[in-house]
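Student: I would like a close look at one chain of this assembly, with its build, its domains and its contacts taken in order. Please keep it plain.

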Amino acid sequence: MANSTTLDKKQTTLLEKLCQAMALSGDEGEVRSIILEEIRSYVTDFKVDTLGNLLAFKKGTSKKPLKVMLAAHMDEIGFMIAADDGDGLFRFETSGGIDLRQLPGKAVIVGKEHIPGVIGARPIHLTTSSDRRDKISLEKLRIDIGPGSNKIKPGDRAAFATRFQRAGTSMIGKALDDRLGVAVLIEILQQAPANIDLQVAFTVQEETGLRGAKVAAYFFNPDLAFVVDSTPANDLPVWDDEDNTSYNCHLGAGPAIYIADGATLSDPRLIRLLVETCKKEGIPYQFRQPGGGGTDAGAIHKQRAGIPSVSISIPGRYAHTAAGMARISDFNNTISLLKATLQSIPLDILTQERK
Amino acid sequence: MNALIQKLTETFSPSGYEHDIRQVIRSEIESLADEIKVDALGNLIAIKGKSGKNGKRIMLAGHMDEIGLIATHIDPNGFIRFSGIGGLYPHTLYSGRVRFVNGITGVIGGERIKDIQKTLSVSELFIDVGATSINNCPIKTGDVAAFERPFFNMGKRLIAKAMDDRIGCAVMIEALRTLKNSPHEIYFVFTTQEEVGLRGATTSAYGIDPDIGISLDVTGTGDTPKARRMDVGLGKGPAIKIKDGRMLSDVRVVEWMIHTAEKAKIPFQREVLEGGTTDATAIQLTRSGVPAGCISIPCRYIHSPSEMVDIDDVNNATKLLVALLSNPISL
Amino acid sequence: MNDILPFLKELITAPGLSGNETPVSEIIQKEWQPLVDELSISRLGSLHGLRRGTLNSPRPAIMLATHMDAIGLMITGTQNGFLRFTDVGGVDPRVLPGQQVWIHASGPKATPHSPLPGWVVQPSAALLPEELDNKAIPMEYFFIDTGLAPEKVKQLIQVGDIASFAQVPLELNGETIAGHSLDNRAAVAALTICLQGLQSSQHGWDIWAVATVQEEEGLIGAYTSAFQIRPSLAIVIDTTWAKGPGTDDWNTFPLTKGPTLMWGPNIHPKLHMSFKELADKIEIPYAVEITGRHSGTDAFATQVVAEGIPTMAIGIPIRYMHTPVEMVALKDIQRTGRLLAGFIASLTEDYINSIALDS
């Protein structure tokens, strides 16, 4: 499996299930159930907290093990039904950051039963060229499930209807951010390293402010934390063929290690550990360009008296749209990197010099 | 005092990379504190005194980090694209000099100027360290730099980069040095990562759980031509903060500070700052709440490479801090 | 049920801006003293009223939180005897010209507890930049004029002094009240009605009635009081947007049709359902309020304190929020109070287990 550009059957089935499930911020139950089924027999203990975080614990076998927290978020971006306009048409709000220009003309799934619906747009025939210069506002968009149903009401959630697919060495689906991270942590839990106490948080409400991670970290109170998320790969050509200086990370170049994002300045000792592990194990890696954005680490490292943290992301193009894309090798290499790193964390890592 | 301020301001330590300034401050206070420790986020904590019967646990916070730049991409010709750490104003950047934490110096250059009236944005700038290709560039993605500008003593006025908040650190160090007696248990916390969101103060305050919190930081002034209106000016004394962009100081703490200043005949100003905040905001929100306030050193041209303070304000701030710490407190 | 109107009018006459809540805190303390077993004040000034329950110790606790701070103005400087100011909490500058305020002066010659009247004034166009001609004027161009001579002003008023709205409560048609600070004193009144309603009944749980400080400036009181108390449940009562002129969007609600029950990621879904079922049962009209990310209330804080607290938010619709003429229907306040009391009466010992999120 290591360094592999293929997914085995078990991985494919799991990713299909995870990516096609609907779990918006504050309503993560469907994904939580899938995860629980996968990890139940592998953990020492677990609980679901009051926000819905799934908190799993796997005890290590060494004498005085480090407590290491891992986190990946269960929630995805999507829509919440806001008002019933009648005739099968529903006004909606976005949940998490979505570019409105990604919405018109898309298929969606609505509610617990995944009822199919569409977000349409005014026919081009009835628009002028100056109309078409402006983006269509949320005010004008509706989710249409067809008239005559009473199954959907305000408060229900909706998401893009995209199905998970493989295409060569790539994977396409909705919610790769962060179901890929969730799948990584499931695999880690199923092959948990014995040298540490593993505290795994499948968090809620990351997309709406890192809220699940905050209380999960308070509860676990670990010695240090690794977060697995997805980060945008803007590695497309620039419009004027110039050098692309804002690629953020590249698809296929390996797991992206965070130095600094908008919410966290990663602990330099953990960055060093990750890089050394990559070099030792021959795992490709890249640095995610320092800059904006944020992961659950942003909430975790500020909890209690401080928790040294770092994030690793699987690069993904077209994040927060109907169709994200990632490379299978990046996914597998992230699993390998995390596994090897956890197995080799020195007990005294937090007494090392930062510089 | 000037020598200390020079040493502090000429150290290069942007948020997250406070190693060097931590060493410098540590060597200044090593012999002065009862206990020194470094916590999980790198905050340097010096403890002085044990709270007696009427003593309180007081946390003082001055941030060690400064704003800076972080390399995001090295292009094939060795030019370095960057992002800001903390509040970096684009109009202070073009043609400025920077120094990386690893010692390399560079100039901030820019793309073709299409409109001389407009400022180049960060994405239109780059750092030139004299490399000719990515292969001989001594800088890699993730390396950090700060403004390169020497300290300058004008007599009454002092100019340096990173007065925000090395001047607050200097006041704390000097107070620790001159404090003779105190009934309180005082935590002198030199915090990390203030400029990116008060992060060091958030966690250190949780760990300490103080009775009172006071930050030492800079504040703006309204005394330059067509400045944003503000009643604080250089040379009129340290400012006692009543409100800033994110915090209302505890009214009892403000009252205590004003009363102490008046009694000790230390000049002071009342401060309402629109926009900007300090570590005190984070301390106030800790656990069940901490009454908090701030002693501000008025400063012109904040977040530029040439921040200016008045030495009398600095010395009076130290005097005020010592006076506050020297006597019993009943809020 | 006691008539809540006199208390409500007292609440919305008193100042009590974020960070300076003492005047309104004292009024609430007086009213709550006979209704609770113990009154205490948090480190930051929030008011905590505890009614002990009858279950054996350790009992579960419910926290009902209403913020007592209100928005207003703060003096930032003087200019030829005129006062410059900024806002505390969010104030739309367009509602300010011509408003009377009370300046709580603390200068050397000022008399304590004797506020001075002042009027927010908009200078004529000739005294303002040309580009603002006929446009809304930003706050930095306004003054407060006290009518006093400049030397007097300097002796009486200082930077940092608070200016609260002077608008007196108005009883309008249809049992509605207009005035300043209905956000959030209307909720304080509702919570008080709940406490009054509990006088004649038993409850198993401990009840913490909390009037929080500084909601308008960062939910400060909510974070810190919730941390101190660590309740098993947190119910936040705040105000929400009522339908009115220029305010008719899908997320606004009619006056006199009851409170709103909020729903969204900030709210515990099963707690919401409990309130909905109860309101149906005891026939209290309500509307469901969809809140995307942030409920805009103290609930955003309480939900993520320590290990997390199951949180619900209830909104009392008011028109013209954050102006000195906010407007509320008394009926909606009373219904909210009854709903809260009804919920407390329905709490069983194992309620928390019953709202665990799936298996």
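Tutor: What follows takes chain C as the main part, sets chain B beside it, and ends with some local detail in chain A.

The model is predicted. Chain C contains 9 helices and 17 strands. Its radius of gyration is 21 Å, close to the 21 Å that the globule rule gives for 359 residues, so chain C is as compact as a globular protein of that length. Measured out along the principal axes, the C-alpha trace of chain C spans about 70 × 45 × 40 Å. Of the 359 residues in chain C, 50% are buried. Take the contacts in chain C between residues at least 6 apart in sequence: 77% of them join residues at least 24 apart.

Chain C is split into two parts by the domain assignment. Domain 1 covers 5–70 + 180–354, and domain 2 covers 72–165. The centres of these two domains of chain C, taken over C-alpha atoms, are 33 Å apart. Where they touch, domain 1 of chain C supplies 11 residues and domain 2 of chain C supplies 13 residues. The domain 1 side of that contact in chain C consists of 4 nonpolar, 5 polar and 2 charged residues.

The interior comes next. As a general matter, nonpolar side chains in soluble globular proteins tend to be buried together. The largest nonpolar core in this model has 302 residues, and those with the most contacts inside it are A:L185, B:L60, C:L64 and C:A190. Helix α4 of chain C, residues 182–198, gives the largest share of this core, namely 10 residues. One of the residues with the most contacts inside the core, C:A190, can be followed to its partners. Not counting residues up to four places away in sequence, C:A190 touches C:I237, C:I316, C:I333, C:T336, C:G337 and C:L340.

Chain C also meets both of the other chains discussed here. In the contact with chain A, 19 residues of chain C face 26 residues of chain A. The chain C side of that contact divides into 11 nonpolar, 5 polar and 3 charged residues. In the contact with chain B, 23 residues come from chain C and 17 residues from chain B. On the chain B side, the elements giving two or more residues are β14 (239–243) and β15 (269–272) of chain B. By class, this side of chain B has 7 nonpolar, 3 polar and 7 charged residues.

Chain B can now be described in the terms used for chain C. There are 7 helices and 17 strands in chain B. For 331 residues a compact globule would have a radius of gyration near 20 Å, and the 20 Å of chain B agrees with this. The C-alpha atoms of chain B fill a box of roughly 65 × 45 × 40 Å along the principal axes. Buried residues account for 55% of the 331 residues of chain B. Among contacts in chain B with a separation of 6 or more, 75% are between residues 24 or more positions apart.

The domain assignment of chain B gives domain 1 as 2–66 + 161–326 and domain 2 as 68–147. Their centres, taken over C-alpha atoms, are separated by 31 Å. Contact between them involves 13 residues of domain 1 of chain B and 12 residues of domain 2 of chain B. On the domain 1 side in chain B there are 6 nonpolar, 3 polar and 4 charged residues.

Two places in chain A complete the picture. Helix α1 of chain A, residues 9–20, has 12 residues and reaches 16 Å from its first C-alpha to its last, close to the 16 Å expected at 1.5 Å a residue. Its buried residues include A:L14, A:L15 and A:L18. The buried residues of α1(A) pack against α2 (29–39), β11 (170–173) and α3 (176–190) of chain A.

The other place is A:N195, in the loop between α3 and β12 (197–203) of chain A. A:N195 counts as partly exposed because it has 17 C-beta neighbours inside 10 Å. The C-alpha atoms of A:N195 and A:K59 lie 9.0 Å from each other, although the two residues are 136 residues apart along the chain. Leaving aside neighbours within four places in sequence, A:N195 is in contact with A:G60, A:S62, A:P65 and A:Q343.

How values were computed: Residues are numbered from 1 along each chain as its sequence is written. Chains are lettered from A and ligands numbered from 1 in the order in which they are written. This is a predicted model: local features need pLDDT of at least 70, side-chain atom pairs count only at pLDDT 80 or more; totals for chains, interfaces and linings use all residues. Domain bounds come from an automatic or database domain assignment. Two residues are in contact if their C-beta atoms, placed from the backbone, lie within 7 Å. Ala, Val, Leu, Ile, Met, Phe, Trp, Tyr, Cys and Pro count as nonpolar, Asp, Glu, Lys and Arg as charged, and the others, Gly among them, as polar. Helices (H or I, at least four residues) and strands (E, at least two) are DSSP runs, numbered from the N terminus. The radius of gyration is taken over C-alpha atoms; the globule rule is 2.2 Å times the number of residues to the power 0.38. A residue is buried if 20 or more other C-beta atoms lie within 10 Å of its own, exposed if 12 or fewer, and partly exposed in between; C-beta atoms are placed from the backbone. A nonpolar core is a set of buried Ala, Val, Leu, Ile, Met, Phe, Trp, Tyr and Cys residues joined through C-beta atoms within 7 Å. The expected span of a helix is 1.5 Å times one less than its number of residues.
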